[in-house]
Protein chains: 2
Amino acid sequence: MDLTTDRKSTDRRKQVLETAARSFAAFGYKATTMDQVAKAAGVGKGTIYTFFANKEELFEQIVRELIAELKAVAERTLDPALPFADNLLRILQQVLAYRDRHGLVVKLSQEVREFGTPMANGGLEAIERSIIAYIAGHVGEAIAKGEVRQSDPALTAYMMLKMYLALTAEGGHLHEPLDAEQVLAHFRFYCLEGLAVK
Amino acid sequence: MDLTTDRKSTDRRKQVLETAARSFAAFGYKATTMDQVAKAAGVGKGTIYTFFANKEELFEQIVRELIAELKAVAERTLDPALPFADNLLRILQQVLAYRDRHGLVVKLSQEVREFGTPMANGGLEAIERSIIAYIAGHVGEAIAKGEVRQSDPALTAYMMLKMYLALTAEGGHLHEPLDAEQVLAHFRFYCLEGLAVK
DNA sequence: GAAATGACCGGATTGTTATTTTGGTCATTT
DNA sequence: AAATGACCAAAATAACAATCCGGTCATTTC
């Protein structure tokens, strides 16, 4: 059996997927060419089109895999013994840290800022939506357990993510950057406890 | 005394300012030309440069005036008899409604989205900072009066604006739009009361 | 002679055309 | 039957010409 040429179809597919993922992360969506991916994957260009209908579908599949990874990070971080608030903070911290360290997300963010590439923007939005949906699930559970006040889980999850991002990434020039411990304390303060005097 | 030609220098300055304000609001920063402003103001181009060092300074002066208008709207809305939370909501609603109805802000936002014009972006940021600073002042007072829990007024004002915007303008595609009453109720819920069960 | 002006300048922007690149196909090869 | 890469039309880019615009300053106006 010739190991060089006799590879199963699943191997080729995986090879394409991995190569493309690396290329999208390194060069972004539009600067990644199908020719280049084919060459780097050691595969004819036509072969890619037997697995993926077009460049967009190839990209979407890679985003889907990243979302699965983020979910895995969240599941790994989740500790059922801890109260909801602690899990929420741990997960936000871990998931967003992973996201920000991941080459693909970093590159896509830059591409959106710089060129406004619609596909790159769509990918990032899909990631954001999936994070909100994941948190919303746990908010729903927390409400059922009486750990969180009654509210719309989806909207609450959305507000939580926005607040967390307001404290960390965004608006870096409107307030001085906060370290991890400060972010944690402030998030608890603003999001969970509320500003009204008790 | 010839009313057509013998105008005082302050009149000419005001004329330029008003014409330029209308032009920036109608066409945005970069599509407004100094030639066009001079012509529409019935003034030689060189005259503009006796009042303003350059286009940027002219623009900044107009933004400064808009900020003063916003502050006036806020002051007019403020009712010292009302508790802090009510005033905050009324002011946010009034100021942001005024802002969104104001041609200049609308046009600058579009220009930033479309072309990323740095000057337009700078103007919007100045407006946002001034809103946050204004709210921060009142948050400071409310803390002193014991109406709001101890916190950094600037950061709290920033978080309040971000939350309000998250509920209204931004992320329109991540949750269905809310009407004014819902926004009010949700803002009270998320920002003031907090999510923790009491 | 102080204030106002608009012709003028160089750099930036825009419009136009020529050239190259790229996503996707399909006849041919393996 | 699976894989391939030469090929194509459309899209992106480069090259160049023409135009526009912010800012200046010698001249005019009052």
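A residue counts as near a DNA strand when one of its heavy atoms lies within 4 Å of that strand. With that cut-off in mind, this report describes a predicted model, beginning with the two DNA strands and then turning to the meeting of the two protein chains.

## The surface near DNA strand D

Around DNA strand D there are 14 residues, and those that come nearest are A:Gly44, A:Thr47, B:Met34, B:Lys45 and B:Lys55. Of the atoms of DNA strand D that come within 4 Å of the protein, 64% are accounted for by sugar and phosphate. When the residues of this surface are sorted by class, three are nonpolar, six are polar and five are charged.

Helix H3 (45–51) of chain A and helix H3 (45–51) of chain B are the elements that give two or more residues to the surface near DNA strand D. H3(A) gives the most, with three residues.

Some polar contacts can be followed atom by atom. B:Lys45 has a polar side-chain atom 2.3 Å from a base oxygen of DNA strand D, whereas A:Arg12 places a polar side-chain atom 2.9 Å from a phosphate oxygen of that strand. In the case of B:Lys55, it is a polar backbone atom that lies 2.8 Å from a phosphate oxygen of DNA strand D.

## The surface near DNA strand C

DNA strand C is likewise surrounded by 14 residues, of which A:Met34, A:Lys45, A:Lys55, B:Gly44 and B:Thr47 come nearest. Sugar or phosphate makes up 65% of the atoms of DNA strand C within 4 Å of the protein, and the rest belong to bases. The surface near DNA strand C is made of three nonpolar, six polar and five charged residues.

H3 of chain A and H3 of chain B each supply at least two residues of this surface, and the largest share, three residues, comes from H3(B). The table gathers examples of polar contacts with both strands.

| Residue | Part of the residue | DNA atom | Distance |
|---|---|---|---|
| A:Arg12 | side chain | phosphate oxygen, strand D | 2.9 Å |
| B:Lys45 | side chain | base oxygen, strand D | 2.3 Å |
| B:Lys55 | backbone | phosphate oxygen, strand D | 2.8 Å |
| A:Tyr49 | side chain | phosphate oxygen, strand C | 3.3 Å |
| B:Gly46 | backbone | base oxygen, strand C | 3.5 Å |
| B:Thr47 | side chain | phosphate oxygen, strand C | 2.4 Å |

## Where the two chains meet

The size of an interface is often given as the accessible area lost when the parts come together. Chain B and chain A bury about 3200 Å² between them, and 68% of this area is on carbon and sulfur atoms. On the side of chain B, the residues that lose the most area to chain A are B:Arg149, B:Tyr190 and B:Leu195, which together make up 22% of what that side buries. The contact involves 37 residues from chain B and 37 residues from chain A.

Between the two chains there are two salt bridges. One of them joins the side chains of A:Glu193 and B:Arg149, with 3.0 Å from N to O, and B:Arg149 is also among the residues of chain B that lose the most area to chain A. In addition, six residue pairs, both residues at pLDDT 80 or more, are in polar contact between chain B and chain A.

The side of chain B that touches chain A receives two or more residues from each of helix H7 (118–144), helix H8 (153–167) and helix H9 (180–193) of chain B. H8(B) gives the most to this side, with nine residues. By class, this side of chain B holds 18 nonpolar, nine polar and 10 charged residues.

How values were computed. Residues numbered from 1 in each chain as written. Chains lettered and ligands numbered in written order. Predicted model: local features only at pLDDT ≥ 70, side-chain atom pairs only at ≥ 80, totals over all residues. Heavy atoms only, no water. Contact = heavy atoms within 4.5 Å. Buried area = accessible area lost by both parts, 1.4 Å probe. Salt bridge = Lys/Arg side-chain N within 4 Å of Asp/Glu carboxyl O. Polar contact = N/O pair within 3.5 Å; in protein donor to acceptor, adjacent residues only side chain to side chain. Helix = DSSP H or I, 4+ residues; strand = E, 2+ residues; numbered from the N terminus. Nonpolar A, V, L, I, M, F, W, Y, C, P; charged D, E, K, R; others polar.
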